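Colleague: I'm new to reading structures, and I'd love some help with this one. Could we go through it together?

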Amino acid sequence: MTQNIILIGFMGCGKSSIGRRLAGRLGYELRDSDDLITARAGKSITDIFNDEGEACFRERETMELRELIDSQGIVLATGGGAVLREENREILRRIGLVVWLHSDPETLFERANRNRKRPLLDVENPRGTFNALLESRLQVYEAAADRKVDATGLSHDQTVEALLSAIGAQS
Ligand code: S3P
């Protein structure tokens with residue numbers, strides 16, 4: 001199995017932490033689009049949103065995804081909004097197998113709202129914003145994904161096993 005794996009899904013679903021474990025199991029390298037963006041920009045996601053606005057953040061996101069098109073042996077953890085642009089969805093399909101990592105809304109909200117690193121939820125009514133964003137994105141994830149893994153109630157280890165099974169790499 002030499003196919004790259006791309007994890008998509010809402011904020012708080014565990015793309016980065018689960019992605020790291022999955023990469024370890026596959027002997028792949030982890031790429032995290034948010035990390036690539038912050039490294040190039042030399043500032044945090046929050047600062048990019050504040051200084052440049054969301055549109056510029058999305059430009060940066062597309063640029064980093066494009067850079068990964070020829071990568072091999074990677075697990076790519078994307079930002080929760082990476083699938084919003086058709087251009088990005090096309091790039092992700094070119095990179096590899098797109099897997100939607102999902103969980104129940106309570107878990108997603110609890111994790112996503114744990115710190116202030118997510119500018120989209122750093123608002124007066126984070127739960128309301130969360131609900132609206134999730135609702136508007138579910139069908140986008142569904143349409144963009146080749147596979148879906150629902151991690152509701154699963155430990156990290158169990159989630160990795162479920163992912164391995166979903167991508168046909170069960171050991
Ligand atoms: C975003 C999700 C974040 C980050 C940015 C925007 C989104 O990534 O890219 O704050 O639009 O859902 P995570 O999904 O890793 O939190």
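Colleague: How far is an oxygen atom of the ligand from an N or O atom in the side chain of Lys15?

Modeller: Keep in mind that this is a predicted model. A polar contact is a pair of N or O atoms within 3.5 Å. The pair formed by a ligand oxygen and the Lys15 side chain fits that limit, at 2.8 Å.

Colleague: Which residue has a polar backbone atom 3.3 Å from an oxygen atom of the ligand?

Modeller: Side chains take part too: a polar atom of the Arg58 side chain lies 2.6 Å from a ligand oxygen. The 3.3 Å partner uses its backbone instead, and that residue is Gly81.

Colleague: How much of the ligand's exposed area does the protein bury?

Modeller: Start with the ligand taken alone, which exposes 380 Å². The space it takes is the largest pocket. Of the ligand's exposed area, the protein buries 95%.

Colleague: How many charged residues are in the shell around the ligand?

Modeller: In total, 13 residues surround the ligand, and Asp34, Arg118 and Arg137 are among the closest. Sorted by class, the shell has 5 nonpolar and 3 polar residues, and the number of charged ones is 5.

Colleague: What is the radius of gyration of the protein, and why does it agree with a compact globule?

Modeller: The protein has 8 helices and 5 strands, and its C-alpha trace spans about 45 × 35 × 25 Å along the principal axes. With 171 residues, a compact globule would come out near 16 Å, so the protein agrees with that, at 15 Å.

Definitions and conventions: Residues numbered from 1 in each chain as written. Predicted model: local features only at pLDDT ≥ 70, side-chain atom pairs only at ≥ 80, totals over all residues. Heavy atoms only, no water. Near = heavy atom within 4 Å. Polar contact = N/O pair within 3.5 Å; in protein donor to acceptor, adjacent residues only side chain to side chain. Areas by Shrake-Rupley, 256 points an atom, 1.4 Å probe, with all protein chains shown as cover. 1 Å grid on protein atoms, 1.4 Å probe; cavity = no way out; pocket = protein on both sides within 12 Å on 5 of 7 lines; lining within 4 Å. Sits in = over half its atoms within 2 Å of the grid points. Nonpolar A, V, L, I, M, F, W, Y, C, P; charged D, E, K, R; others polar. Helix = DSSP H or I, 4+ residues; strand = E, 2+ residues; numbered from the N terminus. Rg over C-alpha atoms; globule rule 2.2 N^0.38 Å.
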